[in-house]
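Student: I'd like to go through the charged pairs and the helix packing in this one. Can we take it step by step?

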Amino acid sequence: KGKSKFTFFKFISYFIVFLVSIIAVIIIIDTFKTPLYSIFPSLEILLFNLFETLKDIELFIKDLIKS
């Protein structure tokens, strides 16, 4: 019988690849945001909220480290 070879290290590697892919997509969208705003008008609000959320997470982590 075939045994599942899904280990913790495979999970971590998949998670890292997923995280890097998400970051790459955000960077690409941010790079081409001006032409994309004309196609997707609500993208401006979504990107603004995303960057504000990322800033809040960064401040939260800094506060946790400081305490």
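Student: Is Lys62 buried, partly exposed or exposed?
Tutor: Keep in mind that this is a predicted model. The relative accessibility of Lys62 comes out at 46%. Exposed would need over 50% and buried under 20%, so Lys62 counts as partly exposed.

Student: Which residue does Lys62 form a salt bridge with?
Tutor: Side chains of opposite charge can pair when their charged atoms come close. For Lys62, the closest N and O atoms of the pair are 3.3 Å apart, and the cut-off is 4 Å. The partner is partly exposed as well, with a relative accessible area of 42%. That partner is Glu58.

Student: How far apart are Lys62 and Glu58 in helical turns?
Tutor: Both residues sit in helix 3, and four residues separate them along the chain. That spacing is why the separation is about one helical turn.

Student: Which residue does Glu52 meet in a salt bridge?
Tutor: Look within helix 3, which covers residues 43-66: the partner lies there too, three residues from Glu52, about one turn of the helix. Glu52 is partly exposed at 29% relative accessibility, and its partner is partly exposed at 42%. The N to O distance is 3.5 Å, and the partner is Lys55.

Student: What is the distance between the closest N and O atoms of Asp30 and Lys33?
Tutor: Asp30 is partly exposed at 27% relative accessibility, and Lys33 is partly exposed too, with a relative accessible area of 32%. The two form a salt bridge, one of three found in a search of the whole structure. The closest N and O atoms are 3.4 Å apart.

Student: How are helix 1 and helix 3 oriented to each other?
Tutor: The axes of helix 1 (residues 8-31) and helix 3 come within 12 Å and cross at roughly 130°. Roughly antiparallel would take an angle over 145 degrees, and roughly perpendicular runs from 65 to 115. The two helices are therefore oblique.

Student: How many nonpolar residues are in the contact of helix 1 with helix 3?
Tutor: Helix 1 passes helix 3 in a left-handed crossing. Ile26, Ile29 and Asp30 make the contact from helix 1, and Leu43, Leu47, Leu50 and Phe51 from helix 3. By class, there is one charged residue, no polar ones, and the nonpolar count is six.

Key:
Residues are numbered from 1 along each chain as its sequence is written. This is a predicted model: local features need pLDDT of at least 70, side-chain atom pairs count only at pLDDT 80 or more; totals for chains, interfaces and linings use all residues. Side-chain values use heavy atoms; hydrogens and water are left out. A salt bridge is a side-chain nitrogen of Lys or Arg within 4 Å of a carboxyl oxygen of Asp or Glu. Buried means under 20% relative accessible area, exposed over 50%, partly exposed in between (1.4 Å probe, protein chains only). Axes are lines fitted to C-alpha atoms, for helices over the stretch in contact, and angles run from 0 to 180 degrees between N-to-C directions. Angles under 35 degrees count as roughly parallel, over 145 as roughly antiparallel, 65 to 115 as roughly perpendicular and the rest as oblique. A crossing is left-handed if the near helix is turned anticlockwise from the far one by less than a right angle, and right-handed if clockwise. Contact means heavy atoms within 4.5 Å. Ala, Val, Leu, Ile, Met, Phe, Trp, Tyr, Cys and Pro count as nonpolar, Asp, Glu, Lys and Arg as charged, and the others, Gly among them, as polar.
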